[in-house]
Amino acid sequence: MPSARIGVAESITRALETGSQPQVLVRTVTGLERLAAAELVAARHRVIDLSKRQLIVVPSNATIITDPPRLADDLFVIKAAVTDPGRTRQALAVAMMAVRRRLRACPAAGESVFAVSASFQGKRNYNRFDVEDLVGEALRELTGTPYHSRRTGTPPPTERVDWRVILDGTTMWIGVRPFDVPLHRRYWRRQTVAGSLHPPVAAAMARLAQIRTGHRVLDPFCGAGTLLREAYNLMPEATYLGIDQAPDAIAAARANAPAHTSTSVHFRQGDARQLSVCVDRIVTNPPWDVRLGIGDIAPYLSQWRRILRPDGRVVAILNQEQAAAMIRDATWRVLDVYDIAVAGQHPRIVVAELRQCSGPAQVSSIVRRAVLQQAEHLVRLRHRSEGGGPERW
Ligand SMILES: C[S@@+](CC[C@H](N)C(=O)[O-])C[C@H]1O[C@@H](n2cnc3c(N)ncnc32)[C@H](O)[C@@H]1O
């Protein structure tokens with residue numbers, strides 16, 4: 001995760017000790033708000049407001065900074081919040097007076113240059129640069145710190161503090177990013193491939209997979225390994241296998257893999273239409289037929305059905321057509337569907353398990369398990385005869 005700026009975690013701790021309730025604004029991918037809230041609540045923070053792409057949180061301790069939420073796209077410590085002034089420039093100028101009063105109570109922003117980025121919902125008679133410059137100038141006057149305006153298009157210096165202004169239709173939020181870069185940037189991401197997944201989406205899918213100690217987890221379309229990397233962060237005591245037909249993708253996945261995990265994270269070249277493993281979880285992101293295509297998803301679904309343990313679970317991010325095919329397929333019991341917006345697309349995260357049958361079908365599931373175990377045994381023998389040493393896959 002990005003590094004936190006010096007002193008931010010301590011100032012949250014101090015604020016909590018003195019009984020004040022610092023607030024944090026968390027930005028998410030559209031459609032992941034509920035899941036992001038669940039992650040924050042599991043970490044004992046209090047979510048006091050949830051709207052599109054945004055959560056307002058009262059942290060219970062400084063872990064919101066030292067171990068920030070993985071589903072968050074970005075996070076800001078709120079320094080001022082006033083009523084959204086609405087459409088007119090005049091109302092914005094009035095709101096700025098209240099903003100200045102609130103900001104006066106903030107400690108100085110520090111020596112380094114700062115930039116401001118603003119966004120708003122709905123029609124306004126001013127643009128984002130107007131808002132940015134008003135807030136930027138107010139902060140410059142109050143703190144004496146140099147302000148970099150984005151109006152001219154000149155990129156701000158790399159070493160800077162980022163302020164954020166959001167006018168969401170109800171409130172004008174002003175916050176400062178306590179990290180050097182947005183949270184969605186991962187330090188481990190050295191390489192990507194066409195269609196690489198946004199890490200917070202991968203983190204959400206990893207949580208939905210409910211991976212347990214000892215589970216064997218497969219991504220048959222692993223690309224640069226984003227899903228397995230995020231899943232490993234969440235549950236390092238499982239075993240992970242990524243398969244991709246493209247050698248470049250396997251090289252990228254290996255470059256992104258955690259260090260010192262050669263026995264628990266594997267990547268190998270292969271075809272998702274010919275899988276010969278037995279797994280507890282499948283987390284995957286097949287091509288969405290945008291830049292890369294796979295055509296009909298049905299043959300892949302039947303592979304997943306064949307290799308998944310009876311109590312297994314699939315979490316797949318699919319295009320609308322692929323998701324509809326999986327939801328229609330009576331062999332799957334769909335547990336949840338999340339509609340999200342990412343990279344200009346509107347995919348669906350489908351969480352499903354195998355529908356359990358009774359009677360003769362149960363017998364067939366026992367037979368299936370025996371066949372899978374035999375297939376795994378053969379794969380292991382082949383691996384050893386090829387000099388690969390013991391491998392858990
Ligand atoms: C959308 S990308 C996956 C991106 C990945 N989640 C990431 O974050 O980098 C889909 C991947 O499926 C791979 N692929 C397509 N058809 C395949 C097949 N039949 N077997 C295995 N991999 C396949 C492509 O090479 C591509 O890397």
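Me: Hi! Among contacts in the protein chain between residues at least 6 apart in sequence, what share join residues at least 24 apart?
Reply: The share is 72%. Keep in mind that this is a predicted model.

Me: Good to know. How many helices and strands does the protein chain have?
Reply: There are 11 helices and 15 strands in the protein chain.

Me: And how much of the chain is buried?
Reply: Buried residues account for 50% of the 393 residues.

Me: Let's talk sheets. In what order do the strands of the 8-stranded sheet come?
Reply: The order is β2-β3-β1-β4-β8-β7-β5-β6. This sheet is open, and its pairing is mixed.

Me: Why do β2 and β6 each have one side without a neighbour in the sheet?
Reply: Because β2 (46-51) and β6 (147-148) are at the edges, where each has a single partner strand.

Me: Which helix packs on that sheet?
Reply: Helix α5, residues 128-143, does. It touches β5 (114-120), β6, β7 and β8, and its direction makes about 140° with that of β5.

Me: How do β7 and β8 pair, parallel or antiparallel?
Reply: Antiparallel, over 5 bridges. Strand β7 covers residues 161-167 and strand β8 covers residues 171-176. If you want a spot to look at, Trp-163 stands opposite Val-176 in β8.

Me: Back to α5 for a second. What does Asp-130 form a salt bridge with?
Reply: One partner is Arg-89, with the closest N and O atoms 2.9 Å apart. That pair links distant parts of the chain: Arg-89 is in helix α4 (residues 89-104), Asp-130 is in helix α5, and they are 41 residues apart. Asp-130 also meets Arg-151 in a salt bridge, at 2.8 Å from N to O. Here Asp-130 in helix α5 is linked to the loop between β6 and β7, where Arg-151 sits 21 residues away.

Me: Which other residue of α5 forms a salt bridge with Arg-151?
Reply: Asp-133, and the closest N and O atoms are 2.8 Å apart. Since Asp-133 lies in helix α5 and Arg-151 in the loop between β6 and β7, the pair ties together parts that are 18 residues apart in sequence.

Me: Is Asp-130 buried or exposed?
Reply: Asp-130 is buried, because its relative accessible area is 12% and the cut-off for buried is under 20%. Asp-133 is buried too, with a relative accessible area of 16%. Arg-151, at 40% relative accessibility, counts as partly exposed.

Me: How many salt bridges does the count come to?
Reply: The count comes to 19 salt bridges.

Me: Which residues are linked in a network of salt bridges?
Reply: Asp-74, Arg-150, Arg-160, Asp-162 and Arg-177 are linked in one.

Me: New topic: the 7-stranded sheet. What's its strand order?
Reply: It runs β11-β10-β9-β12-β13-β15-β14, as an open sheet with mixed pairing. The edge strands are β11 (265-269) and β14 (332-339), each pairing on one side only. On average, neighbouring strands of this sheet are turned by 15° against each other, direction ignored.

Me: How many bridges are there between β14 and β15?
Reply: There are 7, and the pairing is antiparallel. Strand β15 covers residues 348-354, and Arg-348 in β15 stands opposite Asp-339.

Me: What about the other edge, which helix lies across β11?
Reply: Helix α8 (residues 247-256) lies across β10 (239-244) and β11, and runs at about 165° to β11.

Me: How many residues of α7 are buried?
Reply: In helix α7 (residues 226-234), 7 of the 9 residues are buried, so this helix is largely enclosed by the rest of the structure. Among them are Leu-227, Leu-228 and Tyr-232. The buried residues of α7 pack against α6, β9 (216-219), β10, α8, β11 and β12 (279-284).

Me: You mentioned α6. At what angle do α2 and α6 pack?
Reply: Helix α2 (residues 33-42) and helix α6 (residues 199-208) pack at about 70°, with their axes 11 Å apart. The two helices are therefore roughly perpendicular to each other, and α2 passes α6 in a left-handed crossing.

Me: Which residues meet there?
Reply: From α2 come Leu-35, Ala-38, Glu-39 and Ala-42, which meet Ala-204, Arg-207 and Leu-208 in α6.

Conventions. Residues are numbered from 1 along each chain as its sequence is written. This is a predicted model: local features need pLDDT of at least 70, side-chain atom pairs count only at pLDDT 80 or more; totals for chains, interfaces and linings use all residues. Side-chain values use heavy atoms; hydrogens and water are left out. Two strands pair if DSSP finds at least two bridges between them. Helices (H or I, at least four residues) and strands (E, at least two) are DSSP runs, numbered from the N terminus. Axes are lines fitted to C-alpha atoms, for helices over the stretch in contact, and angles run from 0 to 180 degrees between N-to-C directions. Contact means heavy atoms within 4.5 Å. A salt bridge is a side-chain nitrogen of Lys or Arg within 4 Å of a carboxyl oxygen of Asp or Glu. Buried means under 20% relative accessible area, exposed over 50%, partly exposed in between (1.4 Å probe, protein chains only). Angles under 35 degrees count as roughly parallel, over 145 as roughly antiparallel, 65 to 115 as roughly perpendicular and the rest as oblique. A crossing is left-handed if the near helix is turned anticlockwise from the far one by less than a right angle, and right-handed if clockwise.
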